[in-house]
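Please open the model in your viewer and keep the selection panel at hand. The tour proceeds by stops, each beginning with what to select.

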Amino acid sequence: MANNPLSMQVNMDDFLPATDEEKEYMVQMRPSSTFFRDGCRRLFKNKVAFVSMIVIILITLSSIFIPMFWPYSYKTQLGVQPGHPVDPSFNNLAPMEYSTTEQAAMERGESVFPHFFGTDDHGRDYFIRIVYGTRISLAVGFFASIIVLVVGMTLGSIAGFMGGRVDMVIMRIVDVIYSLPDMLMVILLASVMRETLGSALEGTVLQAIGSNIISLFIIFALLYWCSMARLIRGQILSLREQEYVLAAEATGAKAGWIIKTHLIPNCISVIIISTALQIPSAIFTESFLSFLGLGVNAPMPSLGSLASEALNGITSYSYRLVIPALVISLIVLSLNLFGDGLRDAFDPKLNQ
Amino acid sequence: MAQANETPLVDVRHLKEYFPVNTGFFKSIPLKAVDDVSFQIKRGETLGLVGESGCGKTTVGRTILHLYEPTDGEVVYDGRPIKSKADIDWFRTKSTMVFQDPYSSLNPRMTVSDIIGEPLDVHHMCSNPKEREERILALMDRVGLNSEHASRYAHEFSGGQRQRIGIARSLAVNPEFIVCDEPVSALDVSIQAQVINMFDELQDEMGLTYLFIAHDLLVVRHISDRIAVMYLGKMVELADAEEIYDHPLHPYTKSLISAVPIPDPKIARANKRIPLQGDIPSPLNAPSGCPFRTRCPHATEACAQSMPEFKEVSDGHFVACHRTAEVN
């Protein structure tokens, strides 16, 4: 048919049946997006949180892998060799400085691994001590948060789900623990447990970890679960009223099933966020206990104990205080920023 | 209709459900949500339950299923009284519930196949994952859902589709008895019709028995064989669907039926509405005697004295009113 530009006639070519390809295209559905994927997308969009996450990952990986190939160990006093007189030139080296023995070796053409942060007053490589201290601090922070999570989640969900008298009792215990001064309790418990645990652990695997770290974990398990339990109780209380919980009850589901499949998955974002924010506070507590001398046992370094030891030589070797303090700040800051980013990304109430 | 001498599938006897309401530090008074309600549902029948908001319809449904522990009275299902935990567990495989709100009754973190498969998982009804999947797909097909949607989440669906998911879940255990708690009131009218017709078809195919709770009288009339009317936790009238529309006896039922909108304006104008005075009284502070007397145009002294008996006035037509004979 001739095409008259002024014609109002319908162009039949526009009304051809769709080809199979076009049909395929039309019925295509948006891929199902889950809550978790949405949250991750929002998290990666947030630059601050993303950078913090990378910093955390870098610090964690380096604290795990560097000690594996580093030529120095955190407890070897480099000046003390069996069968040789003590070589004091290894003690108190400045960053990148070499002892007289090492300088002699270098003149002979041997390669000597540098001391990036120098050595401490016992002649131990300070860099590896910092890395090891970071490892201990991170491990304490991580495991303490897990303990807090497990205890808090169990008691909180029981209190929220059972309600009534059980709820009353658990929440009054929480109130009592809240009303006690934290730090006083921590110091008291730490010093008492050092005495009692020290002998009990002898000869077991746990001895290597040190009674102080174990007592630190116990302190966290005893004192710091309260806010987590309160949080989860509140969540469970509101979720329990949802109709899908009633629907599960109507099908005959038991309490354990309801908690496991309906309640916990629906408050998992809150749980992850508060655990992420719990880690820095655990690291802080550990550092400060170590600083007071209640933390890790002697040759084992932690960032707090390194800072505390550095206090003695603060005028001559101030970098020994500055470095662990910087590392603590970096870890705590990036964990906090990451936790905030997680909350922004996953908390449904902040989405709008 | 089924024969009268057959044993009823669900026999509700003097059911009471009181909720304690704290009024002071140690004081609490009972809120009589359901007060002495008795009725029977025959196998294959649909009993419609209507009443105003807050009159205890939903509570009746939930108490029958023992989601709330009944304060008093009993439910006899298929000749077996539901008392012990074992009875309840058994009862839960025979009876299910469809909820009002298709948004809050589906867990947002579960896929459609997990939601529908939940009753199967709870009762360990499938021996292997393949059988489970087949049953879920069959259920989805039965309620008119596309099987491609099995791995999607509930928030990706419209209200009508969500309600279909809820219905598929309630059918998973092959129940005999379903309590439908206002299953269409959250849907718009065109979807309501589809869902109601689906309920009808499912009943024919699977021989289901429904307790259909609603406040929309037209919907109830369409689907029910018999209709029960509740007011303030008590049952005031119970009769065949047509009978209750054509010859309502209780003044409250009359008023309710006169309020049903009629699509034809001529008939609507000819029909006189019977407006009720005042509001529904608080169930915490229910009037003495007949609960309806404060709003009843025919109330007398006697109505304040005693609660009228729920008695059969004609074949299968029960009413609770002192003045049935005089007023009608």
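Two strands are said to pair if DSSP finds at least two bridges between them. With that in mind, note that the model is a predicted one, and begin with a pair of strands in chain B.

**Stop 1: β1 and β2 of chain B**

Select β1(B) and β2(B), which run antiparallel and are joined by 10 bridges. Now pick out Glu17(B): which residue of β2(B) stands opposite Glu17(B)? The residue is Val34(B). A further position to display is Pro20(B), which has Pro30(B) of β2(B) opposite. Follow the chain from β1(B) to β2(B), and you will trace a hairpin with 5 residues in the connection.

**Stop 2: from β1 to β4**

Keep residues 10–22 of chain B, which form β1, and add residues 72–77 of chain B, which form β4. These two strands are antiparallel and share 5 bridges. Show Val12(B) together with its bridge partner in β4(B), Val75(B). Then show Lys16(B), which faces Asp72(B) of β4(B).

**Stop 3: the whole sheet**

Strands of a sheet pair through backbone hydrogen bonds, and the pairing is either parallel or antiparallel. Select the 4 strands of the open sheet in chain B, whose order is β2-β1-β4-β5 and whose pairing is antiparallel. Why is one side of β2 and of β5 left without a neighbour in the sheet? Residues 28–41 (β2) and 80–81 (β5) of chain B stand at the edges, and each strand has a single partner, so one side remains without a neighbour.

**Stop 4: two helices of chain B**

Two packed helices are described by the angle between their axes and the distance between the axes. Select residues 159–171 of chain B for α5 and residues 189–206 of chain B for α6; their axes come within 10 Å and cross at roughly 20°. Angles under 35 degrees count as roughly parallel, and α5(B) and α6(B) are therefore roughly parallel to each other. The crossing of α5(B) with α6(B) is right-handed. Display Gly159(B), Gly160(B) and Gln163(B) of α5(B), which meet Ile191(B), Gln194(B) and Val195(B) of α6(B). This contact comprises 2 nonpolar, 4 polar and no charged residues.

**Stop 5: two helices of chain A**

Move to chain A and select α5 (residues 126–162) and α10 (residues 226–240), whose axes come within 7 Å and cross at roughly 40°. Here too the crossing, of α5(A) with α10(A), is right-handed. Among the contact residues are Leu149(A), Gly152(A) and Gly156(A) from α5(A), and Leu231(A), Ile232(A) and Arg233(A) from α10(A). By class, the contact holds 12 nonpolar, 4 polar and 3 charged residues.

**Stop 6: where the chains meet**

Finally, show both chains together: 18 residues of chain A are in contact with 22 residues of chain B. On the chain A side, select α11 (243–250) and α12 (255–291), each of which supplies at least two of the residues that touch chain B. The largest share, 7 residues, comes from α11(A). Colour this side of chain A by residue class, and you should find 9 nonpolar, 7 polar and 2 charged residues.

Key
Residues numbered from 1 in each chain as written. Chains lettered and ligands numbered in written order. Predicted model: local features only at pLDDT ≥ 70, side-chain atom pairs only at ≥ 80, totals over all residues. Contact = placed C-beta atoms within 7 Å. Nonpolar A, V, L, I, M, F, W, Y, C, P; charged D, E, K, R; others polar. Axes fitted to C-alpha atoms, helices over the stretch in contact; angles between N-to-C directions. Parallel < 35°, antiparallel > 145°, perpendicular 65-115°, else oblique. Left-handed = near helix turned anticlockwise from the far one by under 90°.
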